[in-house]
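Student: I'd like to go through this structure with you and ask where the labels come from. Can we start?

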Amino acid sequence: MLANLHVKNFAIIDEIDVEFGRHLNILTGETGAGKSILVGSISIALGARVSSDMIGKNGDHAMVEAVFHISDEETLARIRDLDIEPEDGQLVISRRITENRSINKINGESVPVSLIRKVAALCIDIHGQHEHQSLLDPDRHREIVDEYGSARCMETREETARLYRQFKKKEKELQKDSMSSEERARQLGFLEYERDEIETADVKPGEIEETEERYFRMSHAGAVAEALAEVHELSGETAAGAVSRALRRLQEIRNLDPELDNFVEELMQIEGLLDDFNREVSDFMSDFIFDENDLEQTRRRLDLIHSLQSKYGETYEAISDHLREVDEKLLRYADYETFVTRQREELESLEADLRKKCAALTRYRRKSAAALEKKIMDALQDMNFAHVDFAIQITPKEDFGPDGADDVEFMIATNPGEPRRSLGRVASGGELSRIMLAIKSVFADSDAIETLIFDEIDAGISGRTAQKVSEKMSVLGKRHQIICITHLPQIAAMADIHFVIEKDVTESASVTRIRPLDREETEEELARILGGVEITDAVRKNAKEMKELADSQKQYS
């Protein structure tokens, strides 16, 4: 759920910090107080585009930060699939907006805004007057039907997608391998050349690294030999001679003091070490002499290896893999007609399997659609769509795809006698909000998205319809965190936590603030919504009764 929202220097918001609660969070306030700006700031935190014009007057940047607590294991797993690791189930999404760019972070690590959008889509759904494009998309209708269906429906859909990918891959391979006899002859000649080049080179495992190391040593042999000769001279005639003379001098006086024996022993060890060192250097120098012919042969071998690497791969394994591919293609082209026939048979077999799977998916879909259609119809009627006629239309597509062979579209008529038409041609913004609420209530127990935001879902409704909408939101709030902006007292009365959004106007600026209300303040805010300019005792009594009635209707576990 969305646990905290922090906004700083954004539009007319100076700085706010909101702690949202579980179940139903209601936000109310006067028109123009900044409710849409608050929802806009949440959208921006979740990756929406933002203009630098929205930066406030108190600095050169705006900051929006949203803190989520994620408890659903499936959602956590899907977030981890995006390479994001929630810390104790917590996600902190922040965006710093400057004049030229935005700095986006999740749990303190910089990320592209596209990743924020993907993560946010798993955590929160925003529905408002202009946020229903997804509900107008028939592809989304198909997903809703499949999600409502049995586990077998989703399994069949996944199997269909897997078969479709195999089918398209095989189809692409067949198109790629389709060629004329002249082109095939050219390919055969080229492949035979590659095979002969690799086989003639006969590169052995480990030879690339060994040859590079050997050539490096041989090409620097002169410098090494020169330096070693100087070292041998210094450590031999110079150092060893000096140590030997020092040892003889010590031995001449060792009888004068018993402690001189220790110096004698140490110098003898040093003399022995220098002798060993010089012998090893001498042996190394004798082995480090390379013939010019050896160097030239090694250079040519390395040039050949580098040529193979540039064509077929940097490693021995890559070159060997390419040779295997060449051999497979040569076999394929040697009996090309048989190969093409076999490929076409495999493609036809895949297509037959795919069409069977699509047919099975259609059967599951129709069964799911029939049950879902009735559920959504009931939910719409519960929200006072008195004469609604809703249906889920499933028609064959021109061709199959990864999601089967069906077009799925929600059709609706909201007035008696009207034919059913697509949602986009019938429903207004307010109606779309209520339709989305109806669909969400049907999926309340299974929808993994924990937080739902409804912005002015009450547009164009009042009275009994508003009461029905409030009851449906309360039901949805049992399983989800709901954040709802409303102007209607029937909906506001259902709040578990009630926030008021206020705008302070001074001579220099207008500043939006938000604060939670206690019970008495909640009833006063309901009275304001009910009474308008003048709030009488009767209005306050009505507000108190409305809140008590709403509380009696809620049955959260």
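Tutor: Here come some questions about burial, salt bridges and a helix pair. This is a predicted model, where local features need pLDDT of at least 70, side-chain atom pairs count only at pLDDT 80 or more, and totals for chains, interfaces and linings use all residues. Residues are numbered from 1 along each chain as its sequence is written, and side-chain values use heavy atoms, with hydrogens and water left out.

Student: Why is Glu-207 called buried?

Tutor: Buried means under 20% relative accessible area, exposed over 50%, and partly exposed in between (1.4 Å probe, protein chains only). Glu-207 has 14% relative accessibility, so it counts as buried. You'll find Glu-207 in helix α7, residues 207-219; helices (H or I, at least four residues) are DSSP runs, numbered from the N terminus.

Student: Which residues is Glu-207 in contact with, leaving aside neighbours within four places in sequence?

Tutor: Asp-202, Arg-301 and Ile-305. Contact means heavy atoms within 4.5 Å.

Student: What makes Lys-170 and Glu-346 a salt bridge?

Tutor: The rule asks for a side-chain nitrogen of Lys or Arg within 4 Å of a carboxyl oxygen of Asp or Glu. For Lys-170 and Glu-346 the closest N and O atoms are 2.7 Å apart, so the pair fits the rule. Lys-170 sits in helix α5 (residues 151-177) and Glu-346 in helix α12 (residues 336-382), so the bridge ties together parts that are 176 residues apart in sequence.

Student: Are those two buried or exposed?

Tutor: Lys-170 is buried at 16%, while Glu-346, at 32%, is partly exposed.

Student: How do you know that Asp-551 and Lys-547 form a salt bridge?

Tutor: Their closest N and O atoms are 3.9 Å apart, so they pass the 4 Å limit. Both lie in helix α18, four residues apart, about one turn of the helix. Lys-547 is buried at 5%, and Asp-551 is partly exposed at 26%.

Student: How many salt bridges does this rule give?

Tutor: The count comes to 37.

Student: What describes two packed helices?

Tutor: The angle between their axes and the distance between the axes. Take α17 (residues 519-531) and α18 (residues 537-553): their axes come within 8 Å and cross at roughly 115°. Axes here are lines fitted to C-alpha atoms, over the stretch in contact for helices, with angles from 0 to 180 degrees between N-to-C directions.

Terms used: Helices (H or I, at least four residues) and strands (E, at least two) are DSSP runs, numbered from the N terminus.
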